[in-house]
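Here are a few exercises to work through with the model open in your viewer. Try each task before you read its solution.

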Amino acid sequence: MIGFGDPGIRCSAAGCTRDAEFRVNWRNPRIHGPERVKVWLACQEHRDSLSDYLGSRGFPVAVTALDIELDRVPDPA
Ligand SMILES: [Zn+2]
């Protein structure tokens with residue numbers, strides 16, 4: 001499970017110990033309302049694989065810089 005227990009800003013990919021550079025913002029439309037934004041943190045290397053993984057499950061995904069917080073994840077066009 002992804003959490004923010006570590007005080008460092010660590011990539012959320014399994015086994016990755018790099019500092020995160022991006023937020024992968026997403027939600028599961030089946031259990032989250034449009035106001036919910038889940039966030040995985042990602043290093044440069046894992047940004048695409050994490051967002052592709054979520055996108056392949058049909059979840060809305062938006063990647064932003066680490067210091068940009070989204071109010072909501074836009075629905076896929
Ligand atoms: Zn990583």
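**Exercise 1. Is P29 buried, exposed or partly exposed, and how many other C-beta atoms lie within 10 Å?**

Some ground rules before you count. This is a predicted model, where local features need pLDDT of at least 70, side-chain atom pairs count only at pLDDT 80 or more, and totals for chains, interfaces and linings use all residues. Residues are numbered from 1 along each chain as its sequence is written.

Step 1. Get the cut-offs straight: a residue is buried if 20 or more other C-beta atoms lie within 10 Å of its own, exposed if 12 or fewer, and partly exposed in between, with C-beta atoms placed from the backbone.

Step 2. Count for P29: there are 14 other C-beta atoms within 10 Å, so P29 is partly exposed.

Step 3. Place P29 on the chain: it sits in the loop between β1 and β2. (Strands are DSSP runs of E, at least two residues, and helices are runs of H or I, at least four residues, numbered from the N terminus.)

Step 4. Look for company from elsewhere in the sequence. Setting aside neighbours within four places, P29 is in contact with F59 and P60; contact means C-beta atoms, placed from the backbone, within 7 Å. F59 is 30 residues from P29 along the chain, yet their C-alpha atoms are separated by 6.7 Å.

**Exercise 2. Work out the order of the strands in the sheet.**

Step 1. List the elements. The protein has one helix and three strands, and from the N terminus on they run β-β-α-β.

Step 2. Find the pairs, where pairing takes at least two DSSP bridges between two strands. β1 and β2 (residues 38-42) pair in the antiparallel sense over five bridges. Five bridges also join β1 to β3 (residues 61-65), again antiparallel.

Step 3. Check some partners. F22 stands opposite A42 in β2, and V24 stands opposite W40 in β2. On the β3 side, W26 has V61 as its bridge partner.

Step 4. Put it together: the open sheet has the order β2-β1-β3. β2 and β3 stand at the edges with a single partner strand each, so one side of each has no neighbour in the sheet. The twist averages 25 degrees from one strand to the next (axes are lines fitted to C-alpha atoms, for helices over the stretch in contact, and angles run from 0 to 180 degrees between N-to-C directions).

**Exercise 3. Explain why β1 is largely enclosed.**

Step 1. Go through β1 (residues 22-26): five of its five residues are buried, so the strand is largely enclosed by the rest of the structure.

Step 2. Sort the side chains by direction. F22, V24 and W26 point one way, R23 and N25 the other way, and all are buried.

**Exercise 4. Find the face of α1 that is buried, and say what it packs against.**

Step 1. Check the helix length. α1 has 13 residues and reaches 19 Å from its first C-alpha to its last, close to the 18 Å expected at 1.5 Å a residue (the expected span is 1.5 Å times one less than the number of residues).

Step 2. Pick out the buried residues: H46, R47, L50, S51 and L54. Seen down the axis of α1, they fall within an arc of 130 degrees, so they line one face of the helix; the arc is that of the directions from the helix axis to the C-beta atoms. S49, D52 and S56, on the other side, are exposed.

Step 3. See what lies underneath. The buried residues of α1 pack against β1, β2 and β3, and α1 runs at about 0 degrees to β1.

**Exercise 5. Compare the surroundings of R47 and L50.**

Step 1. Start with R47: it has 20 C-beta neighbours inside 10 Å, so it counts as buried. Not counting residues up to four places away, R47 touches F22, V24, A42 and V63.

Step 2. Do likewise for L50, which is in contact with S12, A13, V24, W40 and A42.

Step 3. Look at the largest nonpolar core, which has 13 residues; V24, A42 and L50 have the most contacts inside it. (Such a core is a set of buried Ala, Val, Leu, Ile, Met, Phe, Trp, Tyr and Cys residues joined through C-beta atoms within 7 Å.) β1, β2 and α1 are the elements that give two or more residues to this core.

Definitions and conventions:
Two residues are in contact if their C-beta atoms, placed from the backbone, lie within 7 Å.
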